[in-house]
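Student: Got a minute to go through a model with me? I want the overall picture, then anything odd in the backbone.

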Amino acid sequence: MDADEARISVLIVDDHLAFGEALGMALGKEVDLDIVEVTVDGATAVEVAEARRPDVVLVDLQMPGMDGLETSRRIHAVSKETAVVVLTGSDDELALGRAIQAGAHGFLRKTAAVHELADAVRSAHRGEPLNAHDEIEFALRRLRRLRARDDDIAQRFDRLTPRELQILQLLADGRAPDDIATQLEVSRNTLRTHVQNILMKLGVHSKLDAIVAAIRHGRVNTVDVSSPEVATPDMAPASDGGVEAG
């Protein structure tokens with residue numbers, strides 16, 4: 001490195017302090033990298049990024065509270081010149097698309113060798129892509145398809161009748177089929193038909209899929225499943241006494 005060449009300032013964000021500090025020590029040995037700070041949460045990282053304007057931020061994807069994607073969005077908002085590189089320990093192929101849409105410059109697995117991480121920091125600082133164009137385009141296309149399907153499911157909830165929404169809420173509450181039938185004063189066969197109609201209208205394959213979608217789109221009220229008084233949803237097949245469509 002030429003004497004007049006500026007060092008690259010790097011902020012590391014990982015909720016596992018030991019990993020973050022070890023990574024900082026390893027990257028700090030590179031002659032052109034300057035580790036400005038290691039933080040363990042997204043909120044602190046955003047404050048540091050706004051105050052110190054690091055050249056590059058390495059942020060863990062999966063963190064409690066503010067995750068790596070939200071951290072990336074907020075850092076990008078307060079320090080647009082900072083390049084954010086998202087690190088992940090998983091093989092989620094959609095993580096790349098989500099990271100790019102969150103304003104991150106690139107995506108790298110935490111299992112990468114130190115020299116690969118160092119090269120990624122340099123590339124991000126120079127504005128060079130970290131991931132292949134085809135890889136990014138594939139991830140973004142798949143993400144758009146999933147979001148379009150998710151939006152379609154959200155609209156499908158408008159097709160449910162008040163009674164069907166009531167049954168979906170009772171299923172989400174963990175109520176047993178016999179209890180639901182008794183409360184609604186209907187037969188088990190009638191309840192089965194209602195469940196079949198719910199699955200058909202939502203375009204999902206199981207009661208669990210319907211409940212998860214309903215929770216995600218705010219169409220049912222969730223309960224504290226850690227409470228001993230709350231039962232878990234009965235997902236047993238019809239032959240075991242549960243309500244199962246099809």
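Tutor: We take the overall make-up, then the backbone angles. Keep in mind that this is a predicted model.

Student: Okay, how many helices and strands are in the protein?

Tutor: The protein has 10 helices and 5 strands.

Student: And what share of the residues is buried?

Tutor: Of the 246 residues, 42% are buried.

Student: What about the accessible surface, how much of that belongs to carbon and sulfur atoms?

Tutor: Carbon and sulfur atoms account for 50% of it. The total is about 13000 Å².

Student: Switching to contacts. Take pairs at least 6 apart in sequence: what percentage join residues at least 24 apart?

Tutor: That figure is 67%.

Student: Now the backbone. What is the usual sign of phi, leaving glycine aside?

Tutor: Negative, for most residues other than glycine.

Student: So what is phi at Arg 53?

Tutor: Positive, about 45 degrees, and Arg 53 is not a glycine.

Student: Where does Arg 53 lie?

Tutor: In the loop between helix H2 (42-52) and strand E3 (56-60).

Student: Why does Arg 53 count as partly exposed?

Tutor: Because its relative accessibility is 38%, and partly exposed runs from 20% to 50%.

Student: Next, what is phi at Glu 185?

Tutor: Near 60 degrees, again a positive value in a residue other than glycine.

Student: Which elements flank the loop with Glu 185?

Tutor: Helix H8 (177-184) and helix H9 (188-202).

Student: Is Glu 185 buried or exposed?

Tutor: Exposed, because its relative accessible area is 73%, and the cut-off for exposed is over 50%.

Methods:
Residues are numbered from 1 along each chain as its sequence is written. This is a predicted model: local features need pLDDT of at least 70, side-chain atom pairs count only at pLDDT 80 or more; totals for chains, interfaces and linings use all residues. Side-chain values use heavy atoms; hydrogens and water are left out. Helices (H or I, at least four residues) and strands (E, at least two) are DSSP runs, numbered from the N terminus. Buried means under 20% relative accessible area, exposed over 50%, partly exposed in between (1.4 Å probe, protein chains only). Contact means heavy atoms within 4.5 Å. Accessible areas come from the Shrake-Rupley method with a 1.4 Å probe; for residues, only the protein chains shown count as cover.
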